[in-house]
Amino acid sequence: QVQLVESGGGSVQAGGSLRLSCAASGYTTRRYCMGWFRQAPGKEREGVAAIDSDGSPIYVHSVKGRFTISRDSAKHTQYLQMNSLKPEDTAMYYCAADLRFCTLAPGDFNYWGQGTQVTVSS
């Protein structure tokens, strides 16, 4: 079974940076999509970024120019570099993966991590 484990969350001041990591195990192929989603209390889960097996990224508009998604397919690991963090970025961040789709729609992803909390103070 595929298992995803996130790390790198924490508390930072506005303008600070964090790098989230997600290690995947249980895959027999490197041809899959990996992505990051976030959910704040009282809000819907939102797609933040995704990257396909060719390394092509997509981002939600609110993080363009601030966040960068990358992957090391050989290690089955993805990263989210988060710069210029804002209080509105505060949320639980989830790593996700899928063998078929690569979108920012949570319903397209079959495999999920447990989440890592990101808190940005002003």
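**Notebook: strand 11, the ring cluster and a pocket**

I began at Gln117, where a polar atom of the side chain lies 3.3 Å from the backbone oxygen of Ala91. This fits the rule for a polar contact: N or O atoms within 3.5 Å, where within protein one can donate a hydrogen and the other accept it, and residues adjacent in sequence count only if both atoms are side-chain atoms. The model is predicted, so I note that local features need pLDDT of at least 70 and side-chain atom pairs pLDDT 80 or more, while totals for chains, interfaces and linings use all residues. Residues are numbered from 1 along each chain as its sequence is written, and side-chain values use heavy atoms, with hydrogens and water left out.

**Entry: two residues of strand 11**

I placed Gln117 in strand 11, which covers residues 116-121. Strands here are DSSP runs of E with at least two residues, numbered from the N terminus. Is Gln117 buried or exposed? Gln117 falls in between and is partly exposed, because its relative accessible area is 35%; buried means under 20%, exposed over 50%, with a 1.4 Å probe and protein chains only.

I then listed the contacts of Gln117, leaving aside neighbours within four places in sequence: Gly9, Gly10, Thr90, Ala91 and Met92. Contact means heavy atoms within 4.5 Å. I also looked up Ser7, which is 110 residues from Gln117 in sequence and 9.2 Å from Gln117 in space, C-alpha to C-alpha.

Val120 lies in strand 11 as well. I recorded Val120 as buried because its relative accessibility is 6%. Its C-alpha atom is 5.1 Å from that of Val12, although 108 residues separate the two along the chain. With neighbours within four places set aside, Val120 is in contact with Val12, Gln13, Ala14, Leu85, Lys86, Pro87, Asp89 and Thr90.

**Entry: Arg66 and Asp89**

Asp89 came up again when I turned to Arg66. I found Arg66 in the loop between strand 6 (57-59) and strand 7. Arg66 counts as buried because its relative accessibility is 10%. Which side chain does Arg66 join by a polar contact of 2.8 Å? The partner is the side chain of Asp89. Beyond four places in sequence, Arg66 is in contact with Gln81, Met82, Asn83, Ser84, Leu85, Lys86 and Asp89.

**Entry: positive phi**

I checked Ser84 for its backbone and found phi near 50 degrees, a positive value in a residue other than glycine. Ser84 lies in the loop between strand 8 and strand 9 (91-98), and its relative accessible area of 39% makes it partly exposed.

His76 also has a positive phi, about 55 degrees, although His76 is not a glycine. I found His76 in the loop between strand 7 (67-72) and strand 8 (77-82). His76 counts as buried at 15% relative accessibility.

**Entry: aromatic rings**

Next I looked at rings of Phe, Tyr and Trp (its six-membered ring), which pair if their centres lie within 6.5 Å; planes under 30 degrees apart count as stacked, over 60 as edge-to-face and the rest as tilted. I noted four aromatic pairs by this rule. One of them is Phe37 with Trp112, tilted, at 5.0 Å centre to centre and 55 degrees between the planes. The pair links distant parts of the chain: Phe37 is in strand 4 (residues 33-39) and Trp112 in strand 10 (residues 111-112), 75 residues apart. Phe37 is buried at 0% relative accessibility, whereas Trp112 is partly exposed at 26%.

Why is the pair of Phe109 and Trp112 edge-to-face? Their ring planes stand at 65 degrees, with the centres 6.4 Å apart, so the pair gets that label. Phe109 is buried, with 4% relative accessibility. I wrote down one aromatic cluster made of Phe37, Tyr94, Phe109 and Trp112.

**Entry: the largest pocket**

I last looked up the largest pocket, which has a volume of about 200 Å³. Its lining has 13 residues, and Arg38, Lys43, Glu46, Glu88 and Asp89 are the closest to the centre. A pocket is an open set of points, on a 1 Å grid over the protein atoms alone, where a 1.4 Å probe fits, with protein on both sides within 12 Å along at least five of seven lines; lining residues have an atom within 4 Å of a point. The volume is the space filled by probe spheres set on the points, which are joined across faces, edges and corners. How many residues of each class are in the lining? I noted two nonpolar, three polar and eight charged residues; Asp, Glu, Lys and Arg count as charged, Ala, Val, Leu, Ile, Met, Phe, Trp, Tyr, Cys and Pro as nonpolar, and the others, Gly among them, as polar.

Methods. Helices (H or I, at least four residues) and strands (E, at least two) are DSSP runs, numbered from the N terminus.
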